[in-house]
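Colleague: I would like to go through part of this model with you. Please give the reasoning along with each value.

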Amino acid sequence: MSKNTVWRLLRRNISIGQIAGYAVANFVGLAIVLTAIQFYRDVTSVWEDDDSFISNDYMILSKRVEGIGSFTGNSSGTKFSQSEIDDIASQPWARKVGKFSSAAFNVYADVELGGNRMGSALFLESIPDDYFDVRPRDWGYEPGKSRFVPVILSKDYLSLYNFGFAASRGMPQVSEEVMGMVPLKLSLSGRGRQEWIDARIVGFSSRLNTIAVPEEFMAWANREFSAGGSESPSRLIVLLDHPGDPQAESYMDEHGYERAGDRADNGKAAYFLSIVTTVVIAVGLVISVLAFFILTLSIYLLLQKNRVKIHQLMQLGYSPRQVSGYYHRIVMAVNLAVLVGAIMVAIVASGCWREPLSALGVESAAPWLTIAIGVAMMGLITFGNIAAISRAVKRDFFV
């Protein structure tokens, strides 16, 4: 008996409707999964970009000021102990924790702008360089060698000057570039000493609402001018493991900490996006699993209808592997068509949202990982189909 004859014999009871139903269900499920994965990768590719609308979520922690403790000069209640810092760092939502170091001496700034001389008392803080959202070229300080102290200023302070102070006093408004060219003098005093040093604004931060200097300068200045005292920080900066993690919010409320951050709302949006994407992927997987069982049931019904023919083929000397091979080819052909169709849907869908994301400064991720995931998923489904068919054919052969 020729192979064509055997094929014609076995395919008589094949239900085109059942195969088509499996193909459609599997196609829908796989297309949903791959499209959701590609969308998630396209959007979250900007998390490592500090200037993106969805980025790493930093929050700045401080303790609430209660009563009139500050009037008595006792500020220990607003400082973080080492055990509290360690507890925050051990939380599953905290990737790393940095400390703010404050100037424990008097600081006075003097600047001349547009022929007008201005001066004001200032506060200075420093944090580890990893937590800045800007990377100035001239950042760093070496006592006795550096020509000036680099300063990073909050963008909010520049806006307050331009649209509040300057506008009401008839003074010139300045850009970030011009502000960086303005010479700045800092008076440091404490322990009966005073020293004037040059400073320059080298960057503006959207994340930090402070006047920041390098840690090297802060350590040197505190040694020279501070009268001593507690080195415990009053503020901490925390990088969340997942933007907008609600566990962090619960922890803050439980311990009575106040939170400030650059992108709190966007962090919540990113967390919500991850949840929605997970749900969509789960729905697609459920549809794919149901499609797998649809095909398996259809094959079992088909083999049951062809049971007599299979026994006849066994008597003619055909092996279970030869008979099941015909069904294997059907499954592989259908699954290959489903895989190609699902990948095309994911790529086309990615093209639809590429332009809107590009307008937001987001570059779409390459589809290769999504394609690899689709191939792996379809490989597992195909392997399961083939294993089920082989087992069913062997059972009918030896019954």
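The questions below concern two helices and a capping residue in this predicted model.

Colleague: How far apart are the end C-alpha atoms of helix 4, and what span should its 15 residues have?
Modeller: Helix 4 runs over residues 155–169. At 1.5 Å a residue, its expected span is 21 Å. The model agrees with that, as the end C-alpha atoms are 20 Å apart.

Colleague: On which residue is the kink in helix 4 centred?
Modeller: Helix 4 has a kink of about 35 degrees. Its buried residues include L158, N162 and A166, along with the residue at the centre of the kink. That residue is Y161.

Colleague: Which residue caps the N-terminal end of helix 4?
Modeller: The cap comes from a residue found in strand 7, residues 149–154. One of its side-chain oxygens lies 3.2 Å from the backbone nitrogen of D156. The capping residue is S154.

Colleague: Is S154 buried or exposed?
Modeller: Beyond its neighbours within four places in sequence, S154 is in contact with F204, S205, L208, N209 and T210. Its relative accessible area is 2%. Buried means under 20%, so S154 is buried.

Colleague: What arc do the buried residues of helix 7 cover around the axis?
Modeller: The buried residues of helix 7, residues 246–255, are A248, Y251 and M252. They lie on the same side of helix 7, because the arc they cover is only 100 degrees.

Colleague: Which residue follows helix 7, and what is its phi?
Modeller: Helix 4 is followed by G170, with a positive phi near 70 degrees. Helix 7 is followed by G256, whose phi is positive, near 70 degrees.

Notes:
Residues numbered from 1 in each chain as written. Predicted model: local features only at pLDDT ≥ 70, side-chain atom pairs only at ≥ 80, totals over all residues. Heavy atoms only, no water. Helix = DSSP H or I, 4+ residues; strand = E, 2+ residues; numbered from the N terminus. Expected span 1.5 Å × (residues − 1). Bend = angle between axes of the 7 residues up to and from the residue. Buried < 20%, exposed > 50% of the residue type's maximum accessible area, 1.4 Å probe, protein only. Polar contact = N/O pair within 3.5 Å; in protein donor to acceptor, adjacent residues only side chain to side chain. Arc of directions from axis to C-beta. Contact = heavy atoms within 4.5 Å.
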